[in-house]
Amino acid sequence: MLDDLGENVFHLGPLGAGHATKLINNFFAQCMVNGLTEGFAMADKMGIERQDLYNVVSSGPLHSMMMDFIAGYALEGDASKMQFSIKNATKDVGYYVQMTKDAGLETLMGGNTLDALQGAVDAGMGEKLVPEVLEHYVAQFKDG
């Protein structure tokens with residue numbers, strides 16, 4: 001039945017492994033989003049054109065679809081390439097952080113990513129699309 005519903009079907013292990021994989025995948029994505037958006041905002045502060053930063057970074061191994069989703073907003077103002085709200089991204093990373101706690105572990109990056117996203121939600125950006133978290137970083141660096 002799953003083969004009929006989707007083009008990629010993976011068998012990942014015991015009950016719950018699929019859900020854990022989804023949370024890890026979403027965690028990866030949001031760490032990348034926050035790294036990329038902070039980088040673009042920092043480029044602004046350092047006097048580096050966003051397009052120049054993109055040209056340099058995308059010419060190497062860091063180039064990815066995620067980078068292009070974020071660059072769509074950072075360079076062209078088009079957030080629609082990643083149709084997912086900041087509020088939902090925050091929820092997913094929160095679930096990831098809780099999963100690590102439930103496993104008796106402490107995430108090293110999950111907390112920072114969650115704090116950054118929650119800061120954007122607290123600033124009234126929860127309904128905006130994930131690439132727009134860039135504006136949260138720009139605002140954070142404005143007075144620095």
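**Figure 1. Asp 44 and its partner Arg 50.** At 35% relative accessibility, Asp 44 counts as partly exposed. In this predicted model, Asp 44 pairs up with Arg 50 in a salt bridge, and their closest N and O atoms sit 2.6 Å apart. Arg 50, for its part, counts as buried, because its relative accessibility comes to 18% and the cut-off for buried is under 20%. Side chains of opposite charge can pair when their charged atoms come close. The structure holds five salt bridges, and some of the others turn up in the next two views.

**Figure 2. Lys 81 meets Glu 76.** Here the side chains of Lys 81 and Glu 76 form a salt bridge, at 3.8 Å from N to O. Buried or exposed: which is Glu 76? Glu 76 is exposed, with a relative accessibility of 59%. Lys 81 is partly exposed, at a relative accessible area of 38%.

**Figure 3. A salt-bridge network around Asp 92.** Which residues are linked with Asp 92 in a network of salt bridges? They are Lys 22 and Lys 91. For the pair Asp 92 and Lys 91, the N to O distance is 3.1 Å. Asp 92 is a buried member of the network, at 4% relative accessibility. Lys 91 comes out as partly exposed, with 36% relative accessibility.

**Figure 4. Helix α6 and its two faces.** Helix α6 covers residues 110-125, and its end C-alpha atoms are 20 Å apart, whereas a straight helix of 16 residues would span 22 Å at 1.5 Å a residue. Which residues of α6 are buried? They are Gly 110, Thr 113, Leu 114, Ala 116, Leu 117, Ala 120 and Met 125. These residues share one side of α6, because they cover an arc of only 160 degrees around the axis. Turn to the face pointing away from that buried side and you find the exposed residues Asn 112, Asp 115, Asp 122 and Ala 123. The cover over the buried residues of α6 includes α2 (17-46), α5 (86-102) and α7 (133-141).

**Figure 5. Val 121, a partly exposed residue of α6.** Val 121 belongs to helix α6 and has a relative accessible area of 25%, so it counts as partly exposed. Setting aside neighbours within four places in sequence, the contacts of Val 121 are Ile 86, Lys 87, Thr 90 and Gly 126. How far apart in space are Val 121 and Lys 87? They are 6.3 Å apart from C-alpha to C-alpha, although 34 residues separate them in sequence.

**Figure 6. Gln 30, tucked into α2.** Gln 30 is a residue of helix α2. With a relative accessibility of 3%, Gln 30 counts as buried. Leaving out neighbours within four places in sequence, Gln 30 is in contact with Met 82, Ala 89, Val 93, Thr 113, Leu 117 and Val 130. Two of these contacts, Thr 113 and Leu 117, are also among the buried residues of α6, and α2 is part of what covers them.

**Figure 7. The buried face of α7.** Val 133, Leu 134, His 136, Tyr 137 and Phe 141 are the buried residues of α7. Seen down the helix axis, they fall within an arc of 155 degrees, so they line one face of α7. What covers them includes α2, α3 (50-58), α4 (65-76), α5 and α6.

**Figure 8. A nonpolar patch on the surface.** Met 42, Met 46 and Ile 48 make up this patch, and together they have about 280 Å² of accessible area. Met 42 is a residue of helix α2, and at 33% relative accessibility it counts as partly exposed.

**Figure 9. Pulling back to the whole protein.** How many helices and strands does the protein have? There are seven helices and zero strands, so the run of elements from the N terminus reads α-α-α-α-α-α-α. The C-alpha trace spans about 50 × 30 × 25 Å along its principal axes. Of the 144 residues, 38% count as buried. Take the contacts between residues at least 6 apart in sequence: 69% of them join residues at least 24 apart. The protein exposes about 8,900 Å², with 57% of that supplied by carbon and sulfur atoms.

Definitions and conventions: Residues numbered from 1 in each chain as written. Predicted model: local features only at pLDDT ≥ 70, side-chain atom pairs only at ≥ 80, totals over all residues. Heavy atoms only, no water. Helix = DSSP H or I, 4+ residues; strand = E, 2+ residues; numbered from the N terminus. Expected span 1.5 Å × (residues − 1). Buried < 20%, exposed > 50% of the residue type's maximum accessible area, 1.4 Å probe, protein only. Arc of directions from axis to C-beta. Contact = heavy atoms within 4.5 Å. Patch = residues over 30% accessible without salt bridge, like charges linked within 9 Å, V, L, I, M, F, W, Y side chains within 5 Å. Areas by Shrake-Rupley, 256 points an atom, 1.4 Å probe, with all protein chains shown as cover. Salt bridge = Lys/Arg side-chain N within 4 Å of Asp/Glu carboxyl O.
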